[in-house]
Every structure is written in C-alpha cells, then in structure tokens.
Amino acid sequence: MADQRPTIFVTRRLPPAVTERLVETYDARLNEDDHPLSDAELKAGLADADGVITASSTSWDEARFASLPERVKIVTTFSVGFEHIDLDAAKARGVRVGNTPEVLTEAVADIAMLCLLGAARRGWEAQSMLREGRWKGWHTTQLVGMELAGKKLGIVGMGRIGRATARRAKGFGIEVHYHNRRPLGAGEDEGATFHANLETLLPAVDIVSLSCPATPETMRMVDAAFLAKMRPGSILVNTARGALVDEAALMAALDSGHLFAAGLDVFDNEPNVDPKLVRYENIYALPHIGSATVDTRNAMGFCCLDNLDAFFTGKPLPFGLV
Ligand code: 8YV
C-alpha cells in the first residue's frame, strides 16, 4: 500500500537524531550524501513533496515559489537566518515558512567570543607558528596582543545572539556598548550602553562585533567609511553574515594597520572564501561553525520537525515566519 504519510523533501543531510525522528512520522526524501542539489534534482524532489526541510545553501526566491508545485505547503529552514527565502513570495503563494530561532543563541555567542579572543590574542598566527615548527622559544615581545579586561565592545544588532555575546563579554571585564534599531529596556540590555547610530558607537569602542541579520539595509554595512570610523588598532568580529562586510575594504584596513585584527566565522560567497583573506595572519578565521555543536544542531533539526508536526496537525507553527 502506498505510504499515506506526508512526503518531506530534505535538501541537506540532517543530524542522525533528527533523521531518526523525521522518518518515524514522514515519508522522507533524504539527501544522504549531502551533495549540492542541481536544479533538476530540486525540481524532481519538489514535484511530489508536501513539505520541505531546506537550508541557507538553497535560494527560495520569487521564481522558485512561482514554480513550486501546488502540493508543497510548508518550507522550514535549518537556520535562524532566512535571507535566502523571499517571505513575500511565500505568502503570495500560500506557503508557510519556518526557521530555528533561539536554539543557536548560546552556541553562536560562544563562537563570537572565540573569534574575539582569537583576533585579540593573535590565535591564528600563534597556531601557525607552532604547527609549522617556527616556534623557537618565547621572548617578551612575541605574539603580544590586545588585553581585553577594561576594553569596550560595540555590538551591532542586540538581538538574542548580541545579548548572549554581551553576557559573555562582561565576564571578561569588557564594557559593552550596542547599536540596535531600538534601545532595549533595562534588564534586557545586559547593562550595555545604547548608541542610536553607528557614528557614535564606532569611535567609542575597541572591538566591534556584528550580530545583525543580512537585509538590504545591512548589506555591505562595513565599508571603508565604517572602518575609518573605528578606532585605530581596533578589532572587527563577524559571526552574522559575510554579506555585511566589504571584504576588500576590510583587507585595506588591515593592510594600512588601521585595524589590529579581525575574527570571522562568516564570509562572502561561502564556501568559496577569497583566498587572499584567509592568508592574513591577523584574521582569526573559522568556516561558519557558529551553530556547530551536537546539541544545537539537533535542536535546530527538532525546530524544523516541530514546525512540520504542527503544520500537518493543523496547528500554528511554533517557529513560523509566514
Ligand atoms: C546554519 C546559520 O547552520 O542558522 C543560521 O542562520 O548561520 C548557521 O548556523 C547554516 O546557515 C545552515 O543553514
């Protein structure tokens, strides 16, 4: 007898615990070897799907929604970021969309601190020296970096991840400032100082950390003018999206010595990172591992499944965007 359960097309391989729960309830079409799906494979997979688990590696633009078979009614993304999904087009087509908020806050804030520490304490340069057999013993001026206690951190985007980063930074004796579309209430703001604009934030801090989404407004926000407003000898941290930063301008600011270092978990055009960028010894670079813990990746998958379960039992999506 044909499987009567909803068919779920999954564009990327999921953590084992998530796949296990998925197949208990659904007729799942998996991407077992996690290969990049061609347009033809996407089209074939969508043809008989009732719902989709996708990720930021697949673009859900107007054209994709316009050509979506009628029976596809829900798309849930294995990510908190949803810049790859045209929500208006989804709405117009009557497709529900969900994401994975909240569950990756702590993991990403950990990586913001790793990037911050790695940049401030010359982590990349130090590791390369050691691993390549170039360490010939210590001396008093070797690999000296930026002391963090007493420094000021400016967080751009004080959402959940920004606030979790602020909590961690305070533990290092760092004074936290932030810029956000709106000031947060006392008790919500982690005691950080609000700046209504970047003009006052950037020259006031020693480290700038980005934790805002990629939108048409924030795209290439960190350009030459932004970097010029940062303090000489300061640090840029980006764990949000590569599209926020003009990488050529960043390299120019590192070349001139205006910036001391950068800590980056995200890049433009991932995974094809500009090879020039990762050659900088004062860029502490990671391959987009912000949410990469077993617990967080499972929790992200379970958010997707909770969205599907709610949808197919006629309930509101617990993590719904549309
Ligand atoms: C995801 C992320 O793992 O959730 C996000 O928005 O940036 C990552 O942590 C990645 O985008 C996979 O979809």
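These legends accompany several close-up views of one predicted model.

Local features are described where pLDDT is at least 70, side-chain atom pairs count only at pLDDT 80 or more, and totals for chains, interfaces and linings use all residues of this predicted model. Residues are numbered from 1 along each chain as its sequence is written, and side-chain values use heavy atoms, with hydrogens and water left out.

**View A. Helix α1 packs against helix α11.** Helices here are DSSP runs of H or I with at least four residues, strands are runs of E with at least two, and both are numbered from the N terminus. Welcome to the pairing of α1 (residues 16-25) with α11 (residues 294-312), whose axes lie 9 Å apart at an angle of about 15°. Axes are lines fitted to C-alpha atoms, for helices over the stretch in contact, and angles run from 0 to 180 degrees between N-to-C directions. The two helices are therefore roughly parallel to each other; that term covers angles under 35 degrees, with over 145 counted as roughly antiparallel, 65 to 115 as roughly perpendicular and the rest as oblique. The crossing of α1 and α11 is right-handed, meaning that the near helix is turned clockwise from the far one by less than a right angle.

**View B. Side by side, α1 and α11 share a set of contacts.** From α1 come Ala17, Val18, Arg21, Leu22 and Thr25, and they meet α11 residues including Arg297, Gly301, Phe302 and Leu305. Contact means heavy atoms within 4.5 Å. By class, the residues of this contact are six nonpolar, three polar and four charged. Nonpolar covers Ala, Val, Leu, Ile, Met, Phe, Trp, Tyr, Cys and Pro, charged covers Asp, Glu, Lys and Arg, and the others, Gly among them, are polar. Take a moment for Asn298, which sits in α11 and is buried at 17% relative accessibility. Buried means under 20% relative accessible area, exposed over 50% and partly exposed in between (1.4 Å probe, protein chains only). Leaving aside neighbours within four places in sequence, Asn298 touches Pro15, Ala17 and Val18.

**View C. Helix α5 crosses helix α7.** Here α5 (residues 105-120) and α7 (residues 160-171) pack at about 50°, with their axes 8 Å apart. That angle makes α5 oblique to α7, and the crossing is right-handed. Among the α5 residues in the contact are Thr105, Glu106, Val108 and Asp110, while the α7 side includes Arg160, Ile161, Thr165 and Arg168. The contact of α5 with α7 has seven nonpolar, two polar and five charged residues.

**View D. Cys115 and Cys212 are not bonded to each other.** A search of the whole structure finds zero disulfides, a disulfide being a pair of cysteine sulfur atoms within 2.5 Å. The sulfur of Cys115 is 15 Å from the closest cysteine sulfur, in Cys212, too far for a bond. Cys115 is buried, at 0% relative accessibility, and Cys212 also counts as buried, at 10%.

**View E. Three loop sites have backbone features to look for.** A cis peptide bond, with omega about 0°, joins Glu270 and Pro271, and Pro271 lies in the loop between β11 (259-264) and β12 (283-285). Arg122 is not a glycine, yet has a positive phi of about 55°; this residue is in the loop between α5 and α6 (123-131) and is partly exposed at 22%. Arg220 likewise has a positive phi, near 55°, in the loop between β9 (207-210) and α9 (224-229), and is partly exposed at 34%.
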